[in-house]
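Biologist: Before I use any of these labels at the bench, I would like to hear what stands behind them. Please take me through the terms one at a time.

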Amino acid sequence: MSLKRFSRVAETGENILAGAAMVVLSLIIFSVCLEIVMRYFLNRPLVWVVELTEYGLLYVSFLGAAWLLRQGGHVQVDIVVDFLNDRWRKRCAVFSSAIGLAVSLLLTVFGAFATFDHLVRGIYKPTVLEFPTGVVLAAVPLGSLFLSARFLILMLDQLILLKQDPPGERKEI
């Protein structure tokens with residue numbers, strides 16, 4: 001599979017996950033507003049809102065992470081990189097993407113093992129809803145898998161740009 005095709009497939013998956021994250025976020029907003037009305041105006045609080053909001057925020061974070069990375073929306077500390085020439089900036093970008101890839105792959109693998117383990121053992125959260133822990137944890141490997149793919153695409157794109165630098169324009173530090 002070519003890099004362009006892989007990138008299109010990843011982009012489609014990221015868009016689907018980001019759409020799901022937006023739906024979850026909308027449900028969180030609606031449920032919190034409903035909780036406010038029920039608690040303060042009708043004196044009938046909803047016991048499930050806080051717990052589901054916590055789980056929803058986990059899903060929003062992991063489902064939207066790869067899409068946000070593609071959009072360039074993650075925090076970047078570039079105080080040192082701004083002083084480097086273009087070639088070294090590209091090298092730092094490759095290194096940064098490689099670290100991001102390694103971390104997100106670790107999250108994917110260990111998150112998948114933890115999710116599977118909790119689902120097989122039938123572990124539940126000891127809370128009001130007694131929600132299955134494996135379902136809560138499933139956001140971690142799913143979102144991290146797409147995040148890994150996006151870091152891989154970024155790293156390969158940056159390596160291609162680095163290789164395309166004309167030899168005469170290379171300025172080493």
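The exchange below sets values against definitions.

Modeller: This is a predicted model, in which local features need pLDDT of at least 70 and side-chain atom pairs count only at pLDDT 80 or more, while totals for chains, interfaces and linings use all residues. Residues are numbered from 1 along each chain as its sequence is written, and side-chain values use heavy atoms, with hydrogens and water left out.

Biologist: What makes Arg-150 and Glu-14 a salt bridge?

Modeller: A salt bridge is a side-chain nitrogen of Lys or Arg within 4 Å of a carboxyl oxygen of Asp or Glu. For Arg-150 and Glu-14 the N to O distance is 2.8 Å, so the pair qualifies. Arg-150 lies in helix H5 and Glu-14 in helix H1, so the bridge ties together parts that are 136 residues apart in sequence. Helices are DSSP runs (H or I, at least four residues), numbered from the N terminus.

Biologist: Why are Glu-14 and Arg-150 called buried?

Modeller: Buried means under 20% relative accessible area, exposed over 50%, and partly exposed in between (1.4 Å probe, protein chains only). Glu-14 has 0%, so it counts as buried. Arg-150 has 5%, so it is buried as well. Both residues also belong to a network of salt bridges with Arg-70.

Biologist: How do you know that Asp-117 and Arg-121 form a salt bridge, and how far apart are they in helix H3?

Modeller: Their closest N and O atoms are 3.0 Å apart, which is within the cut-off, so the term applies. Asp-117 and Arg-121 are four residues apart in helix H3, about one helical turn. Asp-117, at 30%, is partly exposed, whereas Arg-121, at 54%, is exposed.

Biologist: Why is Phe-41 called exposed, and where is it found?

Modeller: Phe-41 has a relative accessible area of 64%, so it is exposed. This residue is in the loop between helix H1 (3–40) and helix H2 (49–71).

Biologist: What does Phe-146 touch?

Modeller: Contact means heavy atoms within 4.5 Å. Not counting residues up to four places away in sequence, Phe-146 touches Ala-10, Gly-13, Glu-14, Leu-17 and Ala-66. Phe-146 is in helix H5 (residues 139–163). Phe-146 and Ala-10 are 136 residues apart in sequence and 6.8 Å apart in space, C-alpha to C-alpha.

Biologist: How many salt bridges does a search of the whole structure find?

Modeller: The search finds five.

Conventions
Helices (H or I, at least four residues) and strands (E, at least two) are DSSP runs, numbered from the N terminus.
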